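Colleague: Got a minute to go through this one with me? I'd like plain answers.
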Amino acid sequence: MATAKVKQDMPPPGGYGSVDYKRNLPKRGFSGYTMFAIGIGTILFGYWRLFKWNRERRRLQIEDLEARVALLPLLQAESDRRLLRMLRENLEEEAKIMKDVPGWKVGESVFHTDRWVPPISDELYNLRPNEEHVHEKFGFQMYV
């Protein structure tokens, strides 16, 4: 049997052109070192602002504390005047209530001491409406 002559494909003269197999990505954005430097710079700036704000806040707290210390005698004097006024009103009410009891001394201390004993809130508000006592004890904490 006679075989037919097969013509084999061959490369063109001079060979095929080169195949581009390398990655050819365009450069995008900053380099890693630049990004790292920007991150460190941002952190340092943030810490600087934080320390600056903490110093300012501490200065403001000291100023508030000094104002409170300066106002404390005034507030204490107002509280003492209110307390003494309430005690006087309680003594007047006690004198009205106990006027018919023989041997009763109005305002006699139940404590066996000559020192000043600040009255408890129950003693102050005993002759007053209950709402005042509740308001003094609990303030604005009204539970339903």
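Modeller: Sure. Tyrosine 33 lies in helix 1. Helices here are DSSP runs of H or I with at least four residues, strands are E runs of at least two, and both are numbered from the N terminus.

Colleague: Before we go on, what kind of model is this?
Modeller: This is a predicted model, where local features need pLDDT of at least 70, side-chain atom pairs count only at pLDDT 80 or more, and totals for chains, interfaces and linings use all residues. Residues are numbered from 1 along each chain as its sequence is written, and side-chain values use heavy atoms, with hydrogens and water left out.

Colleague: Back to tyrosine 33. Buried or exposed?
Modeller: Tyrosine 33 counts as exposed, because its relative accessibility is 75%. The cut-offs are under 20% relative accessible area for buried, over 50% for exposed, and partly exposed in between, with a 1.4 Å probe and protein chains only.

Colleague: And how far is tyrosine 33 from proline 73?
Modeller: Their C-alpha atoms are separated by 61 Å. Along the chain, tyrosine 33 and proline 73 are 40 residues apart.

Colleague: How many aromatic pairs are there?
Modeller: Two in the structure. A pair means rings of Phe, Tyr or Trp (its six-membered ring) with centres within 6.5 Å; planes under 30 degrees apart are stacked, over 60 edge-to-face, and the rest tilted.

Colleague: Why do phenylalanine 45 and tryptophan 48 count as tilted?
Modeller: Their planes are at 35°, so the pair is tilted. The ring centres are 5.8 Å apart. Phenylalanine 45 and tryptophan 48 are separated by about one helical turn, because they are three residues apart in helix 1.

Colleague: Are those two buried or exposed?
Modeller: Each is partly exposed: phenylalanine 45 at 47% relative accessibility, tryptophan 48 at 48%.

Colleague: Switching to the inside. Which residues make up the largest nonpolar core?
Modeller: Five residues: Leu83, Met86, Leu87, Leu124 and Tyr125. Helix 1 (residues 32-97) gives the largest share, three residues. A nonpolar core is a set of buried Ala, Val, Leu, Ile, Met, Phe, Trp, Tyr and Cys residues joined through side-chain atoms within 4.5 Å.

Colleague: What does methionine 86 touch?
Modeller: Leu124, Tyr125 and Arg128, leaving aside its neighbours within four places in sequence. Contact means heavy atoms within 4.5 Å.

Colleague: Asparagine 90 is in helix 1 too. Buried or exposed?
Modeller: Asparagine 90 is buried, because its relative accessibility is 9%. Not counting residues up to four places away in sequence, asparagine 90 touches Glu123, Leu124, Leu127 and Arg128.

Colleague: What about aspartate 122? Where is it?
Modeller: Aspartate 122 sits in helix 2 (residues 121-124). Aspartate 122 is partly exposed, at 38% relative accessible area. Its contacts are His133 and Lys137, again leaving out residues up to four places away in sequence.

Colleague: Now pockets. What volume does the largest pocket have?
Modeller: About 730 Å³. Which residues are closest to its centre? Leu91, Glu94, Gly107, Glu108 and Glu123, out of 22 lining residues.

Colleague: How is a pocket defined?
Modeller: On a 1 Å grid over the protein atoms alone, a pocket is an open set of points where a 1.4 Å probe fits, with protein on both sides within 12 Å along at least five of seven lines; lining residues have an atom within 4 Å of a point. Points join across faces, edges and corners, and the volume is the space filled by probe spheres set on them.

Colleague: What is the lining made of?
Modeller: Eleven nonpolar, five polar and six charged residues. Helix 1 supplies the largest share, five residues. Ala, Val, Leu, Ile, Met, Phe, Trp, Tyr, Cys and Pro count as nonpolar, Asp, Glu, Lys and Arg as charged, and the others, Gly among them, as polar.

Colleague: Last one. Where is methionine 98?
Modeller: In the loop between helix 1 and helix 2. Methionine 98 counts as partly exposed, at 23% relative accessibility.
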